[in-house]
Amino acid sequence: MVRRLLRNISVVILCATTICCGRVQKERDAGEVATARVDYAALHYWDSYDFSSCGSSHDSLVMENAFSVYVSLLAETETSHREAAVDSLLVRVERYKEGYELINDMAWRYLDDPNSPFRDEDTFIIFLRHAVQSQVLPEEARMRARYRLDQAMMNRPGMAAAGFPLTTREGVRMDFRDVIMGDTTLVMFYDPDCDQCKKISGELSRTPLPATLKIVGVDVAGDRLFWEKTKWNFPADWVVCFAEISLEDEEIYHFMALPTFYMYDKEGCIILKDPSPSLLFE
């Protein structure tokens with residue numbers, strides 16, 4: 001009786017495991033199919049679009065609406081397929097000067113503006129690389145794209161943190177890399193006179209975070225007297241510092257807006273570059 005019961009239990013467990021594995025496999029297969037469909041849609045999104053009529057305001061509006069959907073689609077596209085999708089668009093539209101210039105302008109506004117909900121530096125880099133080699137854009141636009149591309153390629157995820165001298169609010173002079181080494185660290189580069197910085201730092205201080213996550217605030221505004229007056233406004237467990245040099249003038253970091261966040265691993269390599277604050281609070 002006991003043996004039969006154990007055998008029956010074993011059969012039930014085996015069946016349940018088989019069903020569970022089958023469901024997991026089906027879900028995995030469904031996910032792969034969905035991903036493939038998104039990749040395909042992004043690659044062929046513009047196939048039937050007529051770029052020859054981009055000069056009119058009506059067609060420009062239609063194209064802008066289409067572009068907003070397109071960048072949303074790109075955000076869901078596998079990284080390995082995203083570049084092919086963007087290249088396919090730009091090669092097609094390059095035959096039409098007005099259409100190409102409109103696409104280039106929208107890429108700047110949608111993908112690079114710090115206030116854009118579509119902002120995506122990885123995708124914007126693909127557009128920039130094409131723009132610097134374009135025979136359609138004027139030299140000034142190509143130079144602008146080259147300058148912005150150089151900035152975008154600074155401090156990418158996976159790169160080691162760039163060092164610079166700073167002083168902690170306790171008065172200790174250190175190198176930035178020494179501050180972040182040994183812990184997973186979230187760094188907020190900020191201006192103490194910036195309302196948005198005050199708002200977001202306040203939200204961050206009230207957000208439950210892992211106990212193992214170190215929070216570092218670095219004043220990059222350059223006004224030491226004002227920093228001295230405000231440096232104790234942050235939580236006691238934060239490491240609050242003052243950058244002793246201008247990080248942008250020295251081309252060590254580039255900030256689209258403040259505050260700007262970076263996350264580093266225990267070895268001081270970049271995990272996240274300039275994520276949306278909303279992503280940090282999720």
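E251 is found in the loop between β5 and β6, a stretch that runs from the end of strand β5 (239-243) to the start of β6 (260-264). This is a predicted model, so read everything below with that in mind. E251 counts as exposed because its relative accessible area is 59%, and the cut-off for that label is over 50%. Its backbone stands out too: phi of E251 is near 55°, a positive value in a residue other than glycine. E251 also has charged company, since E248, D249, E250 and E251 gather in a patch of negative charge on the surface.

Stay with that loop for a moment, as P259 has its place in the loop between β5 and β6 as well. The peptide bond joining L258 and P259 is cis, with omega at about 5°.

Which other residue has a positive phi although it is not a glycine? That's N155, at about 50°. N155 lies in the loop between α6 and β1. Unlike the exposed E251, N155 is buried, because its relative accessible area is 7%, and buried means under 20%.

Now for the charged pairs. As a reminder, side chains of opposite charge can pair when their charged atoms come close. The count of salt bridges in this model comes to 19. Here are three of them:

| Acidic partner | Basic partner | Closest N to O |
|---|---|---|
| D105 | R109 | 2.9 Å |
| D112 | R148 | 2.9 Å |
| D122 | R156 | 2.5 Å |

The D112 and R148 side chains meet in a salt bridge. D112 sits in the loop between α4 and α5 (121-131) while R148 belongs to helix α6, so this pair ties together parts that are 36 residues apart in sequence. Is this pair buried or exposed? Both D112 and R148 are buried.

The salt bridge between D122 and R156 has its closest N and O atoms 2.5 Å apart. D122 is in helix α5 and R156 is in the loop between α6 and β1 (165-168), so here the parts tied together are 34 residues apart in sequence. D122 is partly exposed, at a relative accessible area of 41%, whereas R156 counts as buried at 16%. Salt bridges with shared partners then join D112, E121, D122, R148, R156 and K273 into one network.

The D105 and R109 pair is a local affair: both residues lie in helix α4 (residues 97-111), four residues apart, or about one turn of the helix. D105 is partly exposed, with a relative accessible area of 36%, and R109 is partly exposed as well, at 34%.

K273 comes up again when you look at Q151, a residue of helix α6 (residues 139-152). What does Q151 touch, leaving aside residues up to four places away in sequence? The answer is H254 and K273. Q151 counts as buried, because its relative accessibility is 12%.

Finally, the whole chain. Its secondary structure comes to ten helices and seven strands. Buried residues make up 39% of the 282 residues. The accessible surface is about 16000 Å², with 54% of that belonging to carbon and sulfur atoms. Of the contacts with a separation of 6 or more, 68% are accounted for by residues 24 or more positions apart.

Technical notes:
Residues are numbered from 1 along each chain as its sequence is written. This is a predicted model: local features need pLDDT of at least 70, side-chain atom pairs count only at pLDDT 80 or more; totals for chains, interfaces and linings use all residues. Side-chain values use heavy atoms; hydrogens and water are left out. Patches are made of residues with over 30% relative accessible area and no salt bridge: like charges are joined within 9 Å, nonpolar side chains (Val, Leu, Ile, Met, Phe, Trp, Tyr) within 5 Å. Accessible areas come from the Shrake-Rupley method with a 1.4 Å probe; for residues, only the protein chains shown count as cover. A salt bridge is a side-chain nitrogen of Lys or Arg within 4 Å of a carboxyl oxygen of Asp or Glu. Lys and Arg count as positive and Asp and Glu as negative; His and the chain ends are not counted. The place of a charge is taken as NZ of Lys, CZ of Arg, CG of Asp or CD of Glu. Helices (H or I, at least four residues) and strands (E, at least two) are DSSP runs, numbered from the N terminus. Buried means under 20% relative accessible area, exposed over 50%, partly exposed in between (1.4 Å probe, protein chains only). Contact means heavy atoms within 4.5 Å.
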